[in-house]
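Reader: I should like to go through the assignments made for this structure and hear the reasoning behind each of them. Please set the values against the criteria as we proceed.

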Amino acid sequence: MQAIIIQRFGNPEVFHPAEVPTPRLIPGHLLIRVAATSVNPVDTKIREGVVADIAPEFPAILHGDVSGVVEAVGDGVTQFQVGDEVYGCVGGVKGTAGTLAGYVLADADLVAYKPRSLTLTESAALPLVSITAWEGLIGRAQVQSDHKVLVYGSTGGVGHIGVQLAKWAGAEVCALVSSEEKATLARQLGADVTVDYRQTPIEEIVAEHTDGKGFDVVFDTVGNDNLQNAFKAARLNGTVVSLVSLSQQDLTLLHSKGLTLHLVYMLLPLLFGSDRAYHSKILTQVAQLVDKGHVRPLIDAKQFSFDETDAAHRYADSGSAIGKIVLEQSLS
């Protein structure tokens, strides 16, 4: 089959096409004919070698998100059949096949039926970011209707799903943005309030939008040193959910405010093989929310083919994208 591979870490030019063997079907797995994938920050970090410890062996096929059609069903799989349209985040890390290829071998526990109301290309934008946002806000923080939720990166990959899930749960959502264009998008996604974080200190945001008490839940998609802002924004005994904590931090505020900190690393089931069915369960629920109009993917206007993977990664590296970057290929 045709695939896009890398033989070494580096800039986007390391991607190149190659003929590789089609994966061999094994029990408990599906062979999926790949229609589309999307770029996530972890994909660019693996490509660069920043997280080399979780990278697949060279020659490596990257990317985890996939949408496509079931080509073959392995022994023991009863919930899918040939021809089903599915989606999931199934690999592209150590020990698993990536999705920049004609076919991908996927553990059936990582896969769900795609939303009926979306195309295959649109569906590919959802898996990693939806699982991450769901695990953080619904699974860990248990957002409720009386909560005030602050979302960092509200038009980014995980953030834009976070806004919608928090709103679906009934919370009052304050979305942090960096431009009026992004503020408009965040409001369209359901945010009750938008604030330009570059112009308004976190202390003023807390004072104006929570009467100085702080937010019940802070969803910090930025992480690292921004954790200090997240701690400042949370109320006494509040909850902070972060996606990145590869840094040393002063935990004084965490202690003095009695905060709960959750760190979400959605790749753990892929890397260690545990609790994979939880991902399928989340994706099934997300698909239902999409079809009921509660969630939609925010997809950048620039779309790419698999042959343009290098250009897609350059665009991701530029920081110019709004929402998800999607790559598609013909199934004909």
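**Salt bridges, rings and strands**

Author: Asp291 and Arg116 meet through their side chains in a salt bridge, with 4.0 Å from N to O. The model is a predicted one. The two partners come from distant parts of the chain: Asp291 belongs to helix α10 (residues 276-291), and Arg116 to the loop between β7 (111-113) and α2 (120-123), 175 residues apart.

Reader: Why is Arg116 called exposed, and what makes Asp291 partly exposed?

Author: Arg116 has a relative accessible area of 72%, and exposed means over 50%, so Arg116 is exposed. Asp291 has 26%; the buried class ends under 20% and the exposed class begins over 50%, so Asp291 falls in between and is partly exposed.

Reader: How many salt bridges does a search of the whole structure find, and what makes the pair of Arg47 and Asp317 one of them?

Author: The search finds 15 salt bridges. In the pair of Arg47 and Asp317, the closest N and O atoms are 2.9 Å apart; the criterion is a distance within 4 Å, and therefore the pair qualifies. This salt bridge also links distant parts of the chain, with Arg47 in helix α1 and Asp317 in helix α11 (residues 309-318), 270 residues apart.

Reader: Is Arg47 buried or exposed, and which residues does Arg47 touch?

Author: Arg47 has a relative accessibility of 2%; buried means under 20%, so Arg47 is buried. Its partner Asp317, at 37%, is partly exposed. Leaving aside residues up to four places away in sequence, Arg47 touches Ile6, Phe9, Gly10, Asn11, Pro12, Val14, Phe15, Leu62, His313 and Asp317.

Reader: What class does Glu135 fall into, and what does its side chain meet in a salt bridge?

Author: Glu135 stands at 13% relative accessibility, which is under 20%, so Glu135 counts as buried. Its side chain meets that of Arg140 in a salt bridge of 3.2 Å, N to O. Arg140, at 29%, is partly exposed. Elsewhere, Glu13, Asp310 and Arg314 are joined into one network by salt bridges that share partners.

Reader: Let us turn to the aromatic rings. How many aromatic pairs are counted, and why is the pair of Phe9 and Phe58 called edge-to-face?

Author: The count comes to four aromatic pairs. The ring centres of Phe9 and Phe58 lie 4.9 Å apart, and their planes meet at 65°. The centres are within 6.5 Å and the angle is over 60 degrees, so the pair is edge-to-face. Phe9 is in the loop between β1 (2-5) and β2 (16-19), and Phe58 in the loop between α1 (41-48) and β4 (65-73), so the pair ties together parts that are 49 residues apart in sequence. Phe9 is partly exposed at 29%, and Phe58 is partly exposed at 36%.

Reader: Finally, what makes β8 and β9 a pair of strands, and how is β9 joined to β10?

Author: Four bridges join strand β8 (residues 148-151) to β9, and the two run parallel; at least two bridges are required, so the strands pair. The bridge partner of Val149 in β9 is Val173. From β8 the chain passes through helix α4 (residues 157-168) to β9 in a right-handed β-α-β crossover. Strand β9 (residues 172-177) is mostly covered, with five of its six residues buried. Four bridges also join β9 to strand β10 (residues 193-196), again in parallel, and Leu176 stands opposite Val195 in β10. With helix α5 (residues 180-189), β9 and β10 make a right-handed β-α-β unit.

Key. Residues are numbered from 1 along each chain as its sequence is written. This is a predicted model: local features need pLDDT of at least 70, side-chain atom pairs count only at pLDDT 80 or more; totals for chains, interfaces and linings use all residues. Side-chain values use heavy atoms; hydrogens and water are left out. Rings of Phe, Tyr and Trp (its six-membered ring) pair if their centres lie within 6.5 Å; planes under 30 degrees apart count as stacked, over 60 as edge-to-face and the rest as tilted. Buried means under 20% relative accessible area, exposed over 50%, partly exposed in between (1.4 Å probe, protein chains only). Contact means heavy atoms within 4.5 Å. A crossover is right-handed if, with the strands pointing away from the viewer, the path from the first strand over the helix to the second runs clockwise.
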